[in-house]
2 protein chains.
Amino acid sequence: MIYNVQIKVMPLKDLLDPQGKAVLGGLLNLGLKGVEEVRIGKHITLQIDAESEDAAKQVAEEASKKLLANPVMEFYEIEMIN
Amino acid sequence: MIYNVQIKVMPLKDLLDPQGKAVLGGLLNLGLKGVEEVRIGKHITLQIDAESEDAAKQVAEEASKKLLANPVMEFYEIEMIN
């Protein structure tokens, strides 16, 4: 069966996020009021063909650890969609 | 009050996603089995100081339209966290 998995990869909370800071500056320049912080990460969707939801989650976990997230700078969260 | 808003910006479904294709190749090279499609977008979190949830959502909507998403190639989804 095909499982849809979402993975969110974000910069660690204690780290500066220069991309987010730049976007925050851009939003203020555009005149948007009230935005106080911006953090930017990756949103990844995988389609995984697996025998069970647990097996699909396992593959997503391994993909995150080995390739998608850099644990020195990022954390990830996995969510099954269906 | 401070509202936390998540914005997901993804490549449109009909468009090729070269970054996703590259990551798919990488995952297969690493020996991960079962992954059939990968799509990669941005995950953005905003902290917005606003008077109501609706006002915060409005700011997020405007930010997405004006700066965060390119409607020619991307779609976005806004979600309030708290």
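In this predicted model, K8(A) touches residues of both chains: beyond its neighbours up to four places away in sequence, its contacts are K42(A), F75(A), Y76(A) and E77(A) in chain A, together with Q6(B) and H43(B) in chain B. The residue is found in strand β1 of chain A, which spans residues 2–11. A lysine might be pictured at the surface, yet the relative accessibility of K8(A) is 16%. Because buried means under 20%, K8(A) counts as buried.

One step along the chain, V9(A) also lies in strand β1 of chain A. Its relative accessibility is 1%, so V9(A) counts as buried too. With residues up to four places away in sequence set aside, V9(A) touches G41(A), K42(A), I44(A), L68(A), A69(A), E74(A), F75(A) and Y76(A). K42(A), F75(A) and Y76(A) appear in this list and also among the contacts of K8(A). The sequence separation behind such meetings can be wide: V9(A) and N70(A) are 61 residues apart along the chain, while their C-alpha atoms are separated by 8.9 Å.

Further on, L12(A) sits in the loop between β1 and α1, the latter being residues 18–29 of chain A. Here the relative accessibility is 27%, so L12(A) counts as partly exposed. Its contacts, again without residues up to four places away in sequence, are R39(A), P71(A), V72(A), M73(A), E74(A) and F75(A). For one of these partners, P71(A), the C-alpha to C-alpha distance from L12(A) is 8.6 Å, although 59 residues separate the two in sequence.

These residues can now be placed in the wider picture of chain A. The chain holds two helices and three strands, and reading along the sequence gives the pattern β-α-β-α-β. Of the contacts in chain A with a separation of 6 or more, 74% join residues 24 or more positions apart. Buried residues make up 40% of the 82 residues.

The overall dimensions of chain A are also worth a look. Its radius of gyration is 16 Å, whereas a compact globule of 82 residues would have one near 12 Å. Along the principal axes, the C-alpha atoms fill a box of roughly 50 × 25 × 15 Å. Chain A exposes about 4700 Å², and carbon and sulfur atoms supply 53% of that area. As for charge, the chain carries 9 positive and 13 negative charges, and the mean positions of the two groups are 8 Å apart.

Turning to the partner chain, 32 residues of chain B are in contact with 32 residues of chain A. Together the two chains bury about 2700 Å², with 64% of it on carbon and sulfur atoms. On the chain B side, L32(B), H43(B) and Q47(B) lose the most area to chain A, together 20% of what that side buries. H43(B) has been met already, as one of the residues that K8(A) touches.

V38(B) gives another view of the meeting between the chains. This valine lies in strand β2 of chain B, residues 35–49, and is buried, with a relative accessible area of 4%. Leaving aside neighbours within four places in sequence, V38(B) is in contact with I44(A), T45(A) and L46(A) across in chain A, and with D17(B), G20(B), K21(B), V23(B), L24(B) and L27(B) in chain B. I44(A) is also one of the residues that V9(A) touches. By contrast, V38(B) and M80(B) are 25 Å apart in space, C-alpha to C-alpha, and 42 residues apart in sequence.

How values were computed. Residues are numbered from 1 along each chain as its sequence is written. Chains are lettered from A and ligands numbered from 1 in the order in which they are written. This is a predicted model: local features need pLDDT of at least 70, side-chain atom pairs count only at pLDDT 80 or more; totals for chains, interfaces and linings use all residues. Side-chain values use heavy atoms; hydrogens and water are left out. The radius of gyration is taken over C-alpha atoms; the globule rule is 2.2 Å times the number of residues to the power 0.38. Buried means under 20% relative accessible area, exposed over 50%, partly exposed in between (1.4 Å probe, protein chains only). Contact means heavy atoms within 4.5 Å. Accessible areas come from the Shrake-Rupley method with a 1.4 Å probe; for residues, only the protein chains shown count as cover. Lys and Arg count as positive and Asp and Glu as negative; His and the chain ends are not counted. The place of a charge is taken as NZ of Lys, CZ of Arg, CG of Asp or CD of Glu. Buried area is the accessible area (1.4 Å probe) that two parts lose on being put together, summed over both.
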